[in-house]
Amino acid sequence: IFAHEVRNPINAIMLSLQVMEDNMNEGDPNFKWIENMRDECNKLMYLMESVLSFAKPLEYKMAGVDLDFLLTRILERWHPRLLRLNISHFYEPELDHPVVEGDLRALEQVFTNLISNSVNAMSEKGGSLGIKITQTDNDQDRNFIQITMTDTGHGIPDEIKAHMFKPFVTGSNHGTGLGLAITQRIINAHKGKIEVDSYPGGTIFKIFLVKKKGLSN
């Protein structure tokens, strides 16, 4: 109830900011404050969506999801913020038709959560975010498509790493501790798996999702 109630005034603020921006002259020095407020509103919306997702999981509607289309769209949305934070990004879809069995909204939340974590880890000094879509190296996983996400952030402390997929465990001052718990729950519901390797100076997530039946790749 709280999350639903908070989303309404946030939406109203976002709309007001858009009206203010539309009435500004080009080069107005106050534009940067509009951008800052919009960023903060987006953070609040993300937090509220996380609370809602954890309290009431989505009802999954499984269909073919084109990972190339999905990740391209997500990265386009993140591009302005990555640019402001001096974070370069590299995207390499090595498969021609990377379609998996999944729920589009749920998988969008998975990758949004992971990108958000990476961005938070690099927000102070900038860095590099890499995303690749590949075949799996292991023959036992030939029914999966692998998505590898790497960042050059500060890494995940050992005391956090052991419990990182549990609710309310976070090493960030800006997180809810729900993002990775929700991410793992969604991936498990998709009969996939997630692996993580982290060290001082970087983190690597590997996500394995079930390939849509009938695809040759």
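Is Lys-191 buried or exposed? In this predicted model, Lys-191 counts as exposed, because its relative accessibility is 68%, and exposed here means over 50%. Lys-191 sits in the loop that runs between helix H6 (179-189) and strand E6 (193-199), and its phi is near 60°, a positive value in a residue other than glycine. Asn-86 also has a phi near 60°, again positive in a residue that is not glycine, and it belongs to the loop between H3 and strand E2 (87-93). Asn-86 is exposed, with a relative accessible area of 59%.

**Helix H3**

Asn-86 comes just after H3, a helix that covers residues 67-84 and has 18 residues. From its first C-alpha to its last, H3 reaches 26 Å, close to the 26 Å expected at 1.5 Å a residue. At the N-terminal end, H3 is capped by Asp-66, which places a side-chain oxygen 3.0 Å from the backbone nitrogen of Asp-68. Further along, H3 bends by about 45° at Trp-78, and a proline, Pro-80, follows within four residues.

Several residues of H3 are buried, among them Leu-70, Ile-74, Trp-78 and Leu-82. Leu-82 counts as buried because its relative accessibility is 1%. Leaving aside residues up to four places away in sequence, Leu-82 touches Ile-87, His-89 and Val-119. Between Leu-82 and Glu-195 there are 24 Å in space, C-alpha to C-alpha, and the two are 113 residues apart in sequence.

**Nonpolar cores**

The largest nonpolar core has 38 residues, and those with the most contacts inside it are Phe-111, Ile-115, Ile-147, Met-149, Phe-205 and Ile-207. The elements giving two or more residues to this core include H3, helix H4 (104-122), strand E5 (144-151) and strand E7 (202-210), and H4 gives the most, with 8 residues. Ile-207 has contacts with residues that include Phe-111, Leu-114, Ile-147, Met-149 and Ile-187, when residues up to four places away in sequence are not counted. A second, separate core of 8 residues includes Ile-10, Leu-17, Ile-34 and Leu-52.

**Salt bridges**

Side chains of opposite charge can pair when their charged atoms come close. The structure holds 8 salt bridges, and the table sets out three of them by their closest N and O atoms.

| Salt bridge | Closest N and O atoms |
|---|---|
| Arg-38 and Glu-21 | 2.4 Å |
| Glu-35 and Arg-38 | 2.5 Å |
| Glu-108 and Arg-77 | 2.8 Å |

Arg-38 forms a salt bridge with Glu-21, and because Arg-38 lies in helix H2 (residues 31-55) and Glu-21 in helix H1 (residues 2-22), the pair ties together parts that are 17 residues apart in sequence. Arg-38 is buried, with a relative accessible area of 15%, whereas Glu-21 is partly exposed, with 22%. The bridge between Glu-35 and Arg-38 lies within helix H2, where the two residues are 3 residues apart and so are separated by about one helical turn, and both of them are buried.

Glu-108 and Arg-77 form a salt bridge that links distant parts of the chain, with Glu-108 in helix H4 and Arg-77 in helix H3, 31 residues apart. Glu-108 is buried, with a relative accessible area of 18%, while Arg-77 counts as partly exposed at 46% relative accessibility. Salt bridges that share partners also join Glu-21, Glu-35, Arg-38, Asp-39 and Arg-84 into one network.

Key: Residues are numbered from 1 along each chain as its sequence is written. This is a predicted model: local features need pLDDT of at least 70, side-chain atom pairs count only at pLDDT 80 or more; totals for chains, interfaces and linings use all residues. Side-chain values use heavy atoms; hydrogens and water are left out. The expected span of a helix is 1.5 Å times one less than its number of residues. The bend at a residue is the angle between axes fitted to the seven residues ending there and the seven starting there. Buried means under 20% relative accessible area, exposed over 50%, partly exposed in between (1.4 Å probe, protein chains only). A polar contact is a pair of N or O atoms within 3.5 Å; within protein, one must be able to donate a hydrogen and the other to accept it, and residues adjacent in sequence count only if both atoms are side-chain atoms. A nonpolar core is a set of buried Ala, Val, Leu, Ile, Met, Phe, Trp, Tyr and Cys residues joined through side-chain atoms within 4.5 Å. Contact means heavy atoms within 4.5 Å. A salt bridge is a side-chain nitrogen of Lys or Arg within 4 Å of a carboxyl oxygen of Asp or Glu.
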